Amino acid sequence: MRKRHLKLIIILIFSLTQLTFAGSKSSTKELKNELLGRVDEKSQLLVEVSDALWEYAEIALLEYKSSKLLVGVLEKEGFDVEREVAGMPTAFVASYGSGKPIIGILAEYDALPGLSQDNTAFKKARIEGGAGHGCGHNLFGAGSLGAALALKEVIEAHKIPGTIKLYGCPAEEDIGGKLYMARDGLFDDLDACIAWHPSYETSVDVRGSQAIDDLEIEFSGKTSHAAFDPWKGASALDAVEMTTFGINLLREHVKPTVRIHYVITQGGKVPNIVPEHAKLWLWARDSTRQGVKDVVKRVEEIVKGAAIATGTSSKINYKGSYHEMLVNLTGSKVMQKNLEMIGSTTYMDEEVAFAKRIQKETNIEQKGMICEINELEDHTKDPEGGSTDVAEVSWVTPTLHLSTSCAPYGIPWHSWAVVSSSKHSLGYKGMFLAAKVMATTALDLFLNKEVLIKMKKEFKDKLKGYTYKSGIPPGQKPPLRVKNNP
Ligand SMILES: [Zn+2]
């Protein structure tokens with residue numbers, strides 16, 4: 001009897017679960033409408049969070065107030081938060097729900113040094129020499145938060161099985177916080193991941209991003225008096241100069257997709273001392289990791305040659321290494337459908353006027369805002385210039401990426417103009433759209449197992465047997481900054 005009762009209870013529970021889940025599945029459209037409404041309800045909160053992040057304007061690995069704010073909201077809403085992950089005090093993972101699928105959403109919130117700016121349509125520093133959100137990461141952080149909160153409410157209300165994980169990812173602009181998070185396996189249990197970024201266009205991103213290696217090249221020589229006994233010296237600066245000369249000759253013999261850029265971070269103290277130490281900070285990029293490896297091999301030879309020619313010694317510190325983005329077309333099509341379902345943003349006359357004034361101030365054609373949704377591009381094209389640490393995640397789990405229009409068309413990125421737009425309704429509108437597209441896409445992944453299976457198949461096929469290997473050596477710790485002393 002006992003056994004029969006138990007069996008009946010199990011069957012009943014199973015049937016109820018299936019009914020609830022089937023009920024949710026049969027009303028995906030209603031659930032999506034509910035999600036959109038829930039994002040709208042949170043618009044005030046999202047603007048407040050975004051503005052607070054904008055005002056904190058904390059640079060890489062100093063995002064203490066920013067991460068605290070986001071964690072506070074998430075905990076209040078019932079998320080379990082794991083703090084200080086991957087050795088970074090400002091990184092966190094917030095989870096809600098249980099079981100599979102596990103869908104990740106990425107949030108960023110670091111600002112850029114020296115870009116302090118008020119939310120005016122002309123250049124005006126808020127704090128002279130201070131930092132500013134010249135990449136719109138305040139919108140990024142708040143928009144991703146909005147998607148996670150709305151999703152949480154819907155999966156809770158409708159008992160949809162699965163887990164949401166919001167990743168608080170610091171230092172995108174500097175060391176690439178996700179490199180450490182990926183190396184430490186924080187994305188390993190995900191079934192898929194979703195991210196976005198502010199832009200001046202709206203599209204589901206299928207063109208990918210460039211792979212990059214980040215190197216610090218160091219030469220050591222011998223000091224001497226530059227006039228009295230220069231023949232006794234060996235100049236580390238000469239070695240740096242020979243290296244840059246060699247690199248600039250190399251440019252003629254690399255593929256058009258390659259980008260090499262550098263700064264000299266140490267070149268000696270005064271002219272009358274032959275420099276004993278000199279340093280070059282160099283980034284090499286290409287559309288694939290292999291392409292970057294080939295370029296870096298040539299750079300290593302140039303460095304060796306420069307050291308021999310100048311009688312100095314050389315050392316290369318490999319600071320970081322990003323993959324190119326592994327695009328998932330299957331999931332991107334799902335995201336595109338949601339983007340088109342939600343529709344493009346409209347702007348009021350004063351918003352367009354604000355956008356045009358910024359374009360005038362930055363010598364850009366005064367097109368205002370571009371609100372059309374781009375079609376899914378031909379993903380076989382080479383990526384545009386630029387790299388992102390989101391790409392690391394894309395080699396661990398199928399990753400989808402969205403850009404929404406948050407700033408006037410064509411303005412220079414990483415500039416005062418982006419800071420201005422990021423505390424303005426131009427930015428907020430793009431943030432709301434991103435939150436809605438991410439939330440509805442995540443919902444599709446929660447409800448439609450077929451899509452996830454297809455996404456995973458595409459992911460596996462594209463990996464071609466490769467297992468993700470981080471460019472960060474095991475055991476290397478993130479180069480933390482001392483608070484208030486960047
Ligand atoms: Zn950015």
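Two strands count as paired if DSSP finds at least two bridges between them. Keep that in mind as you work through this predicted model.

**Exercise 1. Work out which strands flank each other in the four-stranded sheet, and which sit at its edges.**

Step 1: Start with β8. Seven bridges join β8 to β9 (residues 277–286), and the two run antiparallel. At least two bridges are needed for a pair, so β8 and β9 qualify. For one matched position, take Gln266, whose bridge partner in β9 is Lys279.

Step 2: Move on to β7. This strand is joined to β9 by 10 bridges and to β10 by nine, antiparallel in both cases. Ile212 stands opposite Arg285 in β9, while Asp213 stands opposite Ser321 in β10.

Step 3: Put the pairs in a row. You get an open sheet with the order β8-β9-β7-β10. Its edge strands are β8 (259–266) and β10 (313–322), each pairing on one side only. On average, neighbouring strands are turned by 20° against each other, direction ignored.

**Exercise 2. Find what lies against this sheet, and decide whether β7 is enclosed or open.**

Step 1: Look for helices. Helix α7 (residues 236–250) lies across β7 (211–220), β8 and β9, and runs at about 20° to β9. Helix α8 (residues 289–310) packs on the sheet too, touching β7, β8, β9 and β10, with its direction at about 10° to that of β7.

Step 2: Check burial. Eight of the 10 residues of β7 are buried, so the strand is largely enclosed by the rest of the structure.

Step 3: Try a loop residue as well. Thr257 is found between α7 and β8. Its relative accessible area is 18%, and the cut-off for buried is under 20%, so Thr257 is buried. Beyond its neighbours within four places in sequence, Thr257 is in contact with Gln210, Arg285, Asp286, Ser287 and Asp382.

**Exercise 3. Identify what holds the zinc ion, and say which parts of the chain the two histidines tie together.**

Step 1: List the donors. They are Cys135 (SG), His137 (NE2) and His197 (NE2), at 2.1 to 2.2 Å.

Step 2: Read their spacing along the chain: C-x1-H-x59-H.

Step 3: Place the histidines. His137 is in helix α5 (residues 137–157) and His197 in strand β5 (residues 192–199), so the pair ties together parts 60 residues apart in sequence. Both His137 and His197 are buried.

**Exercise 4. Explain why Cys193 forms no disulfide with Cys169.**

Step 1: Search everywhere. The whole structure has zero disulfides.

Step 2: Check the distance. The closest cysteine sulfur to that of Cys193 is in Cys169, 7.7 Å away, which is too far for a bond. Cys193 counts as buried, at 0% relative accessibility.

Step 3: Repeat for Cys406. The nearest cysteine sulfur is that of Cys135, 11 Å away, and Cys406 is in no disulfide. Cys406 counts as buried too, at 2% relative accessibility.

**Exercise 5. Describe the largest nonpolar core and its main contributor.**

Step 1: Find the best-connected members. Among the 61 residues of this core, Leu74, Phe92, Leu145, Leu151, Leu166, Trp196 and Met431 touch the most other members.

Step 2: Find the contributor. Helix α13 (residues 425–447) gives the most, with 14 residues.

Step 3: Zoom in on Leu151. Residues it touches include Leu35, Ile105, Ala439 and Phe446.

Step 4: Look elsewhere. Another core of 35 residues lies apart from the largest one, with Ile175, Ile212, Met325 and Val390 among them.

Notes:
Residues are numbered from 1 along each chain as its sequence is written. This is a predicted model: local features need pLDDT of at least 70, side-chain atom pairs count only at pLDDT 80 or more; totals for chains, interfaces and linings use all residues. Side-chain values use heavy atoms; hydrogens and water are left out. Axes are lines fitted to C-alpha atoms, for helices over the stretch in contact, and angles run from 0 to 180 degrees between N-to-C directions. Contact means heavy atoms within 4.5 Å. A nonpolar core is a set of buried Ala, Val, Leu, Ile, Met, Phe, Trp, Tyr and Cys residues joined through side-chain atoms within 4.5 Å. Buried means under 20% relative accessible area, exposed over 50%, partly exposed in between (1.4 Å probe, protein chains only). Donors are N, O and S atoms within 2.8 Å of the metal (3.2 Å for Na, K and Ca); water is not among the atoms, so sites may look incomplete. A disulfide is a pair of cysteine sulfur atoms within 2.5 Å.
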